[in-house]
Amino acid sequence: MSLLSLKSMQTSIGQYAVLHDVSLEVPEGGVFVLLGRNGAGKTTTLRSIMGLWEPSPGSVRFRGTDLTEMHTADIARLGIAFVPEDMGIFGGLTVEENLILATANGSFDKAALERIWRLFPALETFWTKAAWSLSGGQKQMLAVARAIIEPRELILIDEPTKGLAPSIIDAMADAFREISANTTILLVEQNFEFARSLGRDMAVIDDGRIAHAGSMADFTANTDLQESLLSLSA
Amino acid sequence: MTQQINRGERFVKLVVLLIAALLLFAPFLFQDIRSLEVAARICVFIVLVASYDLLIGYTGIVSFAHTMFFGFGAYGAAIALKQMGPGWDAVILGTLAGALVSLVMAVAIGLLSLRVKAIFFAMITLAAASVAMVLASQLSQFTGGEDGITYKTPEIFKTATKLAVTEEGKVARLFGVKLNGKLAAYYFVFATSLVLFLFMIRLVASPIGTVLKAIRENEARAEAIGYRVVAYRTFIFCVAAVIASLAGSVYSIWLKYTGPETALSFTIMIDILLMVVIGGMGTMYGAVIGAVLLVLAQYYLRDLMGSAAEALSEIPLLPFILEPDRWLFWLGIIFILLVYFFPRGIAGTLSEKDAKT
Amino acid sequence: MERLLTAIDRTGGVNLLPLAVAFVAFFLIGVPSSWVTLTVAGLAMGMMIFLMASGLSLVFGLMDVLNFGHSAFVSFGAFVAASVLGWLAGWLGSESVALNAAAIFLAFLAAIAFGLAAGWFFEAVIIRPVYHDHLRQILITMGALIVAEQMILAIWGGTPINVPRPNFLEGSVLMGDVAIEKYRVFAFLLGLVVYLALKFTLNRTRIGLLIRAGVENREMVEALGFRIDRLFIAVFMVGSALAALGGAMWAGYETLITPALGAEMMIVVFIVVIIGGLGSIEGTLLGAIMVGLVANYVGFLAPKLALASNMILMMVILLWRPNGLRPAVK
C-alpha cells in the first residue's frame, strides 16, 4: 500500500478550477518528485493535501486515513510536515522560537537538535537571532529544520532551491538525502538537476492533471518526454 | 452574471418604476404636508444611498464618511444662503463649495488610506467623520453649533409664492393641489434626484462600472490585468462623495434648515447602511427599495409601535418590545440577520432566486 | 522635517517619540508643575486606552478580524463596574483601605468576567460565521454595536451616571507645588502591570509564542499542528475582558459616564491601533501613550484644537509610516 494516495483530486480556488484530476500514489520511503511548469498546479496539490485548500470532489488518503475533511492542524498531527514555497518563517521570532514551536511538547529532543545543527550549522550560529535577519538560504534551512525536529512520516516541500546559491543547494541536497533515509519526502521542484539527483519516483503535473508518473531513472533516460512535458532542452 | 433579464430582475425594475411614478405624482396622490415631507426625504435618500452603493456595492470598500460629504453639501448651501441671502447665486456657490470640499477631502482620504489596507479605510473614514461632527459643533459662528442654521431659500420655493393665480388672484389649484412654492420645491428635489440617480445608473453601465465589478470580484486579478485599482477606487470614492454632497445641498434647500441632526449625525450613516443592505448592495435599484422602506418605516412604523405599546400596556413584556425607543435596537437586530441570511438584500435576492431556476 | 525624523529613527527608534513630545511640550507649557500634572494625566489616560485597544489589535493581527463592536465591551465594562461600585457604596466610603480596595477589586472583576463572557458570545455568534468576509464583518459588528448601545440605553437609561470612587483613591498627592491625582497614578500602575503581564505572556510562554507566530502567518501555525481558531477564541475573550477593564477604569477616571462613552472611545481606540500598527502590543502601547500625552498637552495649550488633535496626530503618522509606528512583522 502506498503511503499517500490521491484519487481524482479536484481543487478550485474561488471560482477558478486549478486542479482538474490529480491521482497519485506516493510510496513509502525516498524522495518523490513532482515536476511541472509554472502554474501547472504543483503548489495547489501540496496545499490540498495539507488541507489548506479543500479538494472536492476527490480524496486524499494517508495510510488509509481520509484527510479530505480534516483540519490542517489534525493533518499535521498525523506526522505530515509542510515546507511552503515562501518558507513560512516567523520573522519576529528567533530561530530557537521557530523551532520550539515545531516540537510536539515545547521541549527539544537532544538528538534531533544535534542532527539539525550538524546538517545546518548556520542555525546554531544564529540560534538567538530574529528569523527575519537570516539570509534566504538560512531561512530555507530553518524551514526544513522545523519539518524534521520531530519524527515525521511525510514531508511536503515546495521548491526549496528557489533563489538559493549553488553551494547551499548542494547542502540542501545532502540534507534531503539523509532525511529521506527514514522519512518520505514529496518534493515539488522546478530545478530539474536537483530533482533528478534526489528523486526515486516522480510525476509530472500539467494543467491540473497528472501527465506522467513513473521512476526517475526512466524519465531521465527519455529526453523526448522531458521535452514535451517540461519544455526542457536536455 | 448572465445578461438575460429574468423575471425577478424584471419585477425589481417594475417596482422601481412604480416607486418613481408614485414619487412623480406624490403631491397629487398624498395631499398632506407630512406625506410630501416623506416623499422628498425618500428622493434625497435614494440618491444618497445609491451613491453609497457605488462605493460599497461596486467596489466592496466600506466608508463611514458618507454623511460627512452629505453634511458638507448641506452646510455649504446653508451657510451660503444664510450669509448671502436667498438667491440662486448663493445656492449655486454654496453647492459648488460643498462639492469642492467633499472632493478635496475624498482625494485626501482616498490617497492616504485606499492604498494601505482596505480595513484601514473604514477606520479612517470613521475618524474623519467624527472630526467633521465635532468641527460642526465647534465652529458655531458659521454652523450654528448644535442648534444648526435656519435660512430662506430662493423666492420660488416659498410656500406663499403663487406659481399660477386664478382670476380672483388666489393661488390656482390643479386636481385640488395648490400650485404654490412648496410644489415647486418638491419638483426641484424630485428632478435633481432623478438626474443624479440616472447619472449613476449610466455610470455603472459604462466601462468604468465593468472595471469596478472586476475589482470587486477579484482585486488581485484586476491588478494583474493592469487596472490601477487604487486610482479607480479613489475615483469612485470621489464621485460618490460629490454626489452625496449634492444630495446634501438639495436636502438643505428643501428643509430650509441644516443642523447636525439632519446632515451630519452618525444616525444618518446607520440609516444609509441599513438602506443599502436591506435594498441590496451592488444593484442601484436596491437603493431605491431600501430608501423607500426605511423612510416609510421611520415615519409611520415608529408611530404605530408607539400606539401599539400604549394599547398593549396591560400585557407584560409586549409594551417593552414595542417601545418606540427600542426602534434602533430592532433595526440593529434586523440588520445583523439580513447581513447573515440575505447579504444581497431585497433586490439582489429577488433577482438571484429566479436566475438560479 | 524629514531629516529630523530619520535622525530620531536612527538614535533610538520610534519608542522615543513620547519622550520627544513630552520634551517639546515642557518648553511650550513653560510651567513645570502644570507639565507634570498633564504628563501624569496623559500617561494614565494612555494606559487605560492601551487596555481598551490591545485586544482589538491582537484580534485583528491574529485573524484579520476587525471588530467594530469592540467599543461595546468598553462601555459595558464601564457601566457594569459603575453598578457594582454603586451597590458597594458603603464599602467605598469606609475608612478601611481594605474594604475600599475590595470594592474596586470586585467592580473590576465583574467587568472582566462580563468581558470574558460577552467576548465568548460575540466570537461564537456574531463573528465566526463571517471570518473571511471583511465587508460583512464590518457590517455585522457595526450592527452588533448598535444593538449593544441600545441595550445599555435600555438597562442604564440615557442620563449620565455618577461613579463613586473608593476613599483611598480620592484626592491628590502633593509633591512640592505639584499635585498628582491618586487615581491617575493608580490607573497608570494598573495599566503598566497588565502590559507587563501581557508582554510576559507573549514573549515567555508557549501560548504567547503561538499568538505571535499566528499574527505573522496563521496558515503555517496550523500546518505545524495547532488549531488557531481555538486559540483565537481565547485571545478574543481576553481582549474583550481587557477592553471591559479599561472601560471600568475609565469610569472611575471620569466619575460621570454616559452611554455615548463607547462611541467616543471607539474613535480613540481606532486611532491608537492605526498609529501603533495593527497586531503588535508594543505598537498599541506606544500609540496609546502618544494619544494620551498629545490629547492632554493640546487640551492645555490650545483647547479648541483638542478634539481634532488625535486626528491630526494620526494623519501625520500615517504620512510618515503608512503601516503605523510598530506594526507586527508580516
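Visitor: How many residues does each chain bring to the contact of chain B with chain C?
Guide: In this predicted model, chain B brings 29 residues and chain C brings 27 residues.

Visitor: Which elements give two or more residues to the side of chain B that touches chain C?
Guide: They are helix 6 (118-138), helix 13 (266-279) and helix 16 (327-341) of chain B. Helix 6 of chain B gives the most, with twelve residues.

Visitor: What classes make up the side of chain B that touches chain C?
Guide: There are 24 nonpolar, four polar and one charged residues on that side. Gly counts as polar here.

Visitor: Why are helix 4 and helix 11 of chain B called oblique to each other?
Guide: Take the angle. The axes of helix 4 (residues 66-84) and helix 11 (residues 229-255) of chain B cross at roughly 45°. Roughly parallel needs an angle under 35 degrees, and roughly perpendicular runs from 65 to 115. The crossing angle fits neither class, so helix 4 and helix 11 of chain B are oblique.

Visitor: How do the axes of these two helices of chain B lie in distance and hand?
Guide: The axes come within 6 Å. Helix 4 of chain B passes helix 11 of chain B in a right-handed crossing. Among the contact residues are Phe69(B), Gly73(B) and Ala77(B) of helix 4, with Ala244(B), Gly248(B) and Tyr251(B) of helix 11. By class, the contact has twelve nonpolar, eight polar and no charged residues.

Visitor: How do you know that the length of helix 4 of chain B agrees with its residue count?
Guide: Helix 4 of chain B has 19 residues, which at 1.5 Å a residue should span 27 Å. The expected span uses one less than the number of residues. The end C-alpha atoms of helix 4 of chain B are 27 Å apart, so the two values agree.

Visitor: What makes helix 4 of chain B mostly covered?
Guide: In helix 4 of chain B, 17 of its 19 residues are buried. A buried residue has 20 or more other C-beta atoms within 10 Å of its own. Just after this helix, Gly85(B) takes a positive phi of about 90°.

Visitor: Why are helix 5 and helix 11 of chain B called roughly antiparallel?
Guide: Helix 5 (residues 88-113) of chain B packs on helix 11 of chain B at an angle of about 150°. Angles over 145 count as roughly antiparallel. The pair therefore earns that name. The axes of helix 5 and helix 11 of chain B are 8 Å apart, and their crossing is right-handed.

Visitor: What residues make the contact of helix 5 with helix 11 of chain B?
Guide: Helix 5 of chain B offers, among others, Val91(B), Thr95(B), Ser102(B) and Leu111(B). Helix 11 of chain B offers residues including Arg233(B), Phe237(B), Cys238(B) and Ile253(B). By class, the contact has twelve nonpolar, nine polar and one charged residues. Buried residues in helix 5 of chain B include Ala90(B), Gly94(B), Gly98(B) and Met105(B).

Visitor: How do you know that the span of helix 5 of chain B agrees with expectation?
Guide: The 26 residues of helix 5 of chain B should span 38 Å at 1.5 Å a residue. The end C-alpha atoms of helix 5 of chain B are 37 Å apart, which agrees.

Visitor: What makes helix 4 of chain C oblique to helix 12 of chain C?
Guide: Helix 4 (residues 70-87) and helix 12 (residues 261-276) of chain C pack at about 130°, with their axes 8 Å apart. That makes helix 4 of chain C oblique to helix 12 of chain C, since roughly antiparallel needs an angle over 145 and roughly perpendicular runs from 65 to 115. The crossing of these helices of chain C is right-handed. The contact has eight nonpolar, four polar and no charged residues.

Visitor: Why is Gly157(C) called exposed?
Guide: Gly157(C) has 10 other C-beta atoms within 10 Å. The cut-off for exposed is 12 or fewer, so Gly157(C) is exposed. Gly157(C) lies in the loop between helix 7 (134-156) and strand 1 (161-162) of chain C.

Visitor: Is Met87(A) buried or exposed, and what makes it so?
Guide: Met87(A) has 22 C-beta neighbours inside 10 Å. Buried takes 20 or more, so Met87(A) counts as buried. Phi of Met87(A) is near 75°, a positive value in a residue other than glycine.

Visitor: Why does Asp207(A) count as partly exposed?
Guide: Asp207(A) has 13 C-beta neighbours inside 10 Å. Exposed stops at 12 and buried starts at 20, so Asp207(A) falls in between. Asp207(A) also has a positive phi, of about 50°.

Key: Residues numbered from 1 in each chain as written. Chains lettered and ligands numbered in written order. Predicted model: local features only at pLDDT ≥ 70, side-chain atom pairs only at ≥ 80, totals over all residues. Axes fitted to C-alpha atoms, helices over the stretch in contact; angles between N-to-C directions. Helix = DSSP H or I, 4+ residues; strand = E, 2+ residues; numbered from the N terminus. Left-handed = near helix turned anticlockwise from the far one by under 90°. Contact = placed C-beta atoms within 7 Å.
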